[in-house]
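Student: Could we go through this structure step by step? I would like to see how each answer is reached.

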Amino acid sequence: MSDADPRARASDAREDRVEGTLLGGACGDALGVPYELGSAPLAAGEVPRMIGGGLGPYAPGEWSDDTQMAVVIARAAAEHGLRTVDALDAVVTGWVDWLASGASDVGTQTRQVLGEVAADVDGARAAERARLASYALHAQTGRTAGNGSLMRTAPVALALLDDPAALGEQARAISGLTHADPLAGDACVLWCHAIRRAVLDGDVPDLAEHVVELPHARRDQWAGWIADAERRTPSAFAPNGYVVTALQAAWSAICHPLGDGPLVVASLSAAVHAGDDTDTVAAIAGSLLGAAHGASALSAEWLDAVHGWPGLRADDLRDLARRVADRGDPAAVDLQVSDELDEVAEHLVSRGLGEGHHFVVHGRPVRGGRSSEYIGLRVLDDGSYRVWYSGDRGTPRTYVETPDWAVARQRFVDEVELLGASRGDWKAPRRHRWKRR
Ligand SMILES: [Mg+2]
């Protein structure tokens, strides 16, 4: 490619933000641990430190259940992606193993659901058992909107950077494995979309813009909650064990940094000063801050200290985050976009299709949102091209694999236009033929 350097730099910066998503969450978690529920005093304006203790008690720099549960999701995503039933089974099985062996502290609701999954050996699949236990708990108590699914949701965004429709569905599905309340699902959908935009754009997005990803009936309510968080400081949202106030406290902290230090330090200080469930609020805030500003914006002192179950340190989280993004993002992160592919992207975007360089084009509308169908195009290791279709069930089908760029491009554009033509908000243009190059 002609101008490799700017692209290499862009790719490095994006990788920094991919790593920052997990590391920012882990640093927020370890920073908040000492102060959870007032375990250690924190004077007004004091900068929190990773001194350990808390409810564990934890070692200095050690992260808690928030990051532990996120690591389980990330490992399953690195292995399987996050589109299939197998992947969700791996998430639940991983949590059950964690609960049996590594959990330092566990939310009430999570413990109850995973306990039932572990006890139930009737042969049903793990994710299905968790979902049923979670919905049964919700039916029984009507109170399952704790912050325990939001605190661990960041890896879902990394796994589906290329596929916003699937991201919304899977963020809600993975939330529902333990937290059936629709508000918990909404919060995960909102935060994952914000993280995805932050990784792609390198900036903290306008959270309110993402309420369109939620069901119509609750959009105004969420817009009001977000506006409230932008008006008030984080401590206004304590107690924050409720998923809505946890999200508000985290967003408020991002909007109201505390002190004159570097932005991420000041924002995470504000998150810890929210009080109450300090590690969770700071973990939630940290994942979005890390996604926007990258691992390089985190303090070196934090990165040296941060560690936790299952025996991981900062470099391990970097590696894990990259593997999740590579695995879940075959069409975007991994793709070295050539000039020709840029040209195709421009063509599609000018017709209201696609996602810029990501070559993800979604299909017909379905009840409750878009279908997760898409057409993909990528360069293979040997330099040839593959064009494929991924259906609602996530099983990809290869249309063509060819060394001939013109053939791949034409097939991709044809299939995209065919799929796009069935989309409600898009009118098919006149048939377009590429000039043979
Ligand atoms: Mg915790």
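What follows is a set of questions and answers on this predicted model.

Student: How many helices and strands does the protein chain have?
Tutor: The protein chain has 437 residues, and buried residues make up 56% of them. Its secondary structure comes to 16 helices and eight strands.

Student: What share of the contacts with a separation of 6 or more joins residues 24 or more positions apart?
Tutor: A contact here means heavy atoms within 4.5 Å. Among contacts in the protein chain with a separation of 6 or more, the share from residues 24 or more positions apart is 65%.

Student: Which residues coordinate the magnesium ion?
Tutor: The donor residues are spaced S-D-D-x212-D in sequence. Each contributes a side-chain oxygen, OG for the serine and OD for the aspartates, at 2.0 to 2.4 Å. The residues are Ser-64, Asp-65, Asp-66 and Asp-279.

Student: Are Asp-65 and Asp-66 buried or exposed?
Tutor: Buried means under 20% relative accessible area, and exposed means over 50%. Both of these magnesium donors, Asp-65 and Asp-66, fall in the class called buried.

Student: How many disulfides are there?
Tutor: A disulfide needs two cysteine sulfur atoms within 2.5 Å. By this rule the count is zero. Cys-192, for example, is in no disulfide, and the nearest cysteine sulfur, that of Cys-188, is 6.4 Å away. The number of disulfides is therefore zero.

Student: Why is Cys-255 called partly exposed, while Cys-192 is called buried?
Tutor: The cut-offs are under 20% for buried and over 50% for exposed, with partly exposed in between. Cys-192 is buried because its relative accessible area is 0%. Cys-255 is partly exposed because its relative accessible area is 32%.

Student: What span should helix H7 have, at 1.5 Å a residue?
Tutor: Helix H7 covers residues 164–175, which is 12 residues. The expected span is 1.5 Å times one less than the number of residues. The end C-alpha atoms of H7 are 16 Å apart, which agrees with the expected value of 16 Å.

Student: How many residues of H7 are buried?
Tutor: The buried residues of H7 include Pro-164, Leu-167, Gln-170 and Ile-174. The helix is mostly covered, and of its 12 residues the number buried is nine.

Student: Which backbone oxygen does the side chain of Gln-170 reach?
Tutor: Gln-170 is found in helix H7. Gln-170 counts as buried because its relative accessible area is 13%. Beyond four places away in sequence, Gln-170 touches Leu-82, Arg-83, Leu-88, Val-156 and Leu-160. At 2.6 Å, its side chain reaches the backbone oxygen of Leu-82.

Student: Which helices do the buried residues of H3 pack against?
Tutor: Helix H3 runs over residues 85–101, and its end C-alpha atoms are 24 Å apart, in agreement with the expected span. Its buried residues include Leu-88, Trp-95 and Trp-98. The buried residues of H3 pack against H2, H4, H5 and H7.

Student: What distance separates the C-alpha atoms of Ala-291 and Arg-17?
Tutor: Ala-291 is found in helix H12, residues 278–293, and is buried, with a relative accessible area of 0%. Among the residues Ala-291 touches are Arg-17, Gly-20 and Ile-195. Ala-291 and Arg-17 are 274 residues apart along the chain, yet their C-alpha atoms are separated by 4.7 Å.

Note on methods
Residues numbered from 1 in each chain as written. Predicted model: local features only at pLDDT ≥ 70, side-chain atom pairs only at ≥ 80, totals over all residues. Heavy atoms only, no water. Donors = N, O, S within 2.8 Å, 3.2 Å for Na, K, Ca; no water. Buried < 20%, exposed > 50% of the residue type's maximum accessible area, 1.4 Å probe, protein only. Helix = DSSP H or I, 4+ residues; strand = E, 2+ residues; numbered from the N terminus. Polar contact = N/O pair within 3.5 Å; in protein donor to acceptor, adjacent residues only side chain to side chain.
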